[in-house]
Structure formats: C-alpha cells, structure tokens
2 protein chains.
Amino acid sequence: MSDLLGRLRTRGWRLTAQRRVVAEVLDGDHIHLTADEVHARAVRRLPEISRATVYNTLGELVNLGEVAEVSTDHRAKRYDPNAHRPHHHLLCARCGAIRDVHPVGDPLADLPESERFGFSVSEVELTYRGVCPDCAA
Amino acid sequence: MSDLLGRLRTRGWRLTAQRRVVAEVLDGDHIHLTADEVHARAVRRLPEISRATVYNTLGELVNLGEVAEVSTDHRAKRYDPNAHRPHHHLLCARCGAIRDVHPVGDPLADLPESERFGFSVSEVELTYRGVCPDCAA
DNA sequence: TACTTGACTTGGACTTCGTCCATTGTAGGA
DNA sequence: TCCTACAATGGACGAAGTCCAAGTCAAGTA
C-alpha cells in the first residue's frame, strides 16, 4: 500500500483531495473498515467529502487491485488495503473482528479437475470462523 | 434434507402451512435460492404467505443447522439446503451461478496454531471464483 | 369435540447499504 | 491562464432485510 498515490498517478489517476484522503485513511493501520467507517474518518480530514465519492473511490481502488473487498456476512462490505500480499481471513462470529491469516498449502490445487464443471477457476477465498479471545473471555 | 419436517417436529417446531411450503421449496432441486426467490416460489403454492414469514423461517432453518447461508457478494444471501453434507462453493463471477464442490484436503488443518491468534476456530468456508462454461462461450 | 394459549403470521413502516444522476467544481495539459 | 474532460456533490432512489403490534391458529388438554 505504500506509495499508493504514486502508483495511481502513473496509471492516469487524477489526484484530487478527496481521493488522497480516502487513500490515506485506508493506509493507516485501521484495517478492514466498512465504507461508512472510511467516510467517517475521511470527513475528519475533509469535512465536505460525500458518501458517493467514498463509494466511487473505493470501487476504483478495488478495480485497480489496490484494495480488496471482504464480505463477512456481518452486513456491510469491508475494505482491505492489504491486497498486494495474498492472504485469507479469520473472523469472530460474535463481534465481527477480522484478522489476516496465511494458511499453508494452496486450496486452488485442492480442487480436482472433475470438481470444476468446466469453469475456469482463477481465485479462492478462504474464511475461517471462530471466536476471538476477547469474546471467549 | 429428506424428512426435514419430521426432524423439525421432533424438535418442537410448530408445523404450519407456511413453514411446510418454505421447506418444500428448498427441498426441490432449485438450489441456492435467494430469500426473495424462495418467497416467489412459496407464493405460487400459498398466495398469502408474507415476506417476513419467509425470512423468519429461513432464519430458523439456518439456526437449526438444516440450511446454510451463502454470501456470494452478488447482493442477496442465498440459502443452501444441502447443509448436512459438508461442501464448498464454486461461483461464476459473471452470472453468479453457484455449484457445490468437494475439494480434497482439510483447510482447517492448514491454519497453523501460530496463525490463529488465540481464536478458537471452528469453521471454514471456501469459495472458488471463476467463469462458468456458459459465460465463457 | 371444543377450549385455550402461546407460538406463528401478517403487512407495512423502517433501517441499512449501496447506486444513480444532473449539476457544479477542478486537475492538469496546451 | 484557459479549457475541458474527468471528478465530486447531495439528494433521490432501490434492494435486502428487520421490526412490531395486531390478528390467527396448531396442538395440547379436558
């Protein structure tokens, strides 16, 4: 995620105050925010920024592969700035907390040809569910 | 899923026309329906059934472990009556089609203790994404 | 069989998350 | 500095899902 802005500029991204702020918010250690949380934090730095712009910008960042969307069932989608290092997610069924995890092995290789039904499979998403230490206490 | 109704009755479920219809709809080969699709099909058999009842009933079936919820990112949740035989999903990024698949190996075992961060992990959900033969054509 | 009661259903209002669009603003090249 | 195509705005809209007060009914009891 570092030097995200530089990378985007070379791809022809027009650099506006709003986009800069959204990128900065994601770049913090506030990981896995919802769009509304991103908006709330963005507003602290740029009070006039609109929800629509936050959604637009997040959508573009996802398309560009700079940010990953995570659907957790816990209502709103979350945005994960750690899109460059492949990883999966571990989430707490009680409070919705998310952690990035790195399982060993390659789940893609575990899907035999006979189980692919003619699909060209390109991606795997692995979500572990459990109870986090705080909620277990 | 067979004899679902019998199983539910022994668990103290009150058997109403509405619940019976929802169970029947899921029991068909129409797999992975959204709540609205379930409602649409239920209405064909029982015109007065309300959306709220469909949502309630689906929620109960999920709690009882008879039906699994699948979040596909493609907007609405889908309901999978095949909850008794563990499996994962393969879905088409273009049209949203879903298939049940059975990868080899156990992804739970692939998450080392050091990557569990104190969570008690109990479940894994594995989603393969790709393009189905129809959409590739 | 009729009665009773607590569980179930209803439908409409409401909430949340997200998209759309016409208008206004502005980044960055000439 | 000026132009213009791209971006931002905000308010209306839409889809998915939840909530609730009032009415209904399954099934246990007599």
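A residue counts as near a DNA strand if one of its heavy atoms lies within 4 Å of it. Keep that in mind for the second half of these exercises, and remember that the model is predicted.

**Exercise 1. Work out which part of DNA strand D the protein mostly meets: sugar and phosphate, or bases.**

Solution.
Step 1: Take the atoms of DNA strand D that lie within 4 Å of the protein.
Step 2: Sort them. Sugar or phosphate accounts for 67% of these atoms, and the rest belong to bases.
Step 3: Look for examples at the phosphates. A:T16 has a polar side-chain atom 2.7 Å from a phosphate oxygen of DNA strand D. With A:E48, a backbone N or O atom sits 2.9 Å from a phosphate oxygen of the strand, and A:S50 likewise places a backbone N or O atom 2.9 Å from a phosphate oxygen.

**Exercise 2. Find which residues and elements make up the surface near DNA strand D.**

Solution.
Step 1: Start with the residues. There are 16 around DNA strand D, and the ones that come nearest are A:R14, A:T16, A:Q18, A:E48 and A:T53.
Step 2: Split the surface by class: six residues are nonpolar, four polar and six charged.
Step 3: Now the elements. At least two residues each come from α2 (17-27) and α4 (51-63) of chain A, and from α4 (51-63) of chain B. The largest share, three residues, is from α4(B).

**Exercise 3. Describe how chain A and chain B meet.**

Solution.
Step 1: Count the residues. On chain A, 36 residues are in contact with 36 residues of chain B.
Step 2: Get the area. About 3,200 Å² is buried between the two chains, with carbon and sulfur atoms giving 57% of that. On chain A's side, A:F119, A:Y128 and A:R129 supply 20% of the area buried against chain B, more than any other three residues.
Step 3: Check the polar links. The interface has 16 residue pairs in polar contact and two salt bridges. One of those joins the side chains of A:E125 and B:R129, at 2.7 Å from N to O.
Step 4: Name the elements. On chain A, β4 (88-92), β5 (98-101) and β6 (120-131) each give two or more residues to the side that touches chain B. The largest share, 12 residues, belongs to β6(A).
Step 5: Follow that strand across. β6(A) runs antiparallel to β6 of chain B, and 11 bridges join the pair. Here A:L126 stands opposite B:L126.

Notes. Residues are numbered from 1 along each chain as its sequence is written. Chains are lettered from A and ligands numbered from 1 in the order in which they are written. This is a predicted model: local features need pLDDT of at least 70, side-chain atom pairs count only at pLDDT 80 or more; totals for chains, interfaces and linings use all residues. Side-chain values use heavy atoms; hydrogens and water are left out. Contact means heavy atoms within 4.5 Å. Buried area is the accessible area (1.4 Å probe) that two parts lose on being put together, summed over both. A salt bridge is a side-chain nitrogen of Lys or Arg within 4 Å of a carboxyl oxygen of Asp or Glu. A polar contact is a pair of N or O atoms within 3.5 Å; within protein, one must be able to donate a hydrogen and the other to accept it, and residues adjacent in sequence count only if both atoms are side-chain atoms. Helices (H or I, at least four residues) and strands (E, at least two) are DSSP runs, numbered from the N terminus. Two strands pair if DSSP finds at least two bridges between them. Ala, Val, Leu, Ile, Met, Phe, Trp, Tyr, Cys and Pro count as nonpolar, Asp, Glu, Lys and Arg as charged, and the others, Gly among them, as polar.
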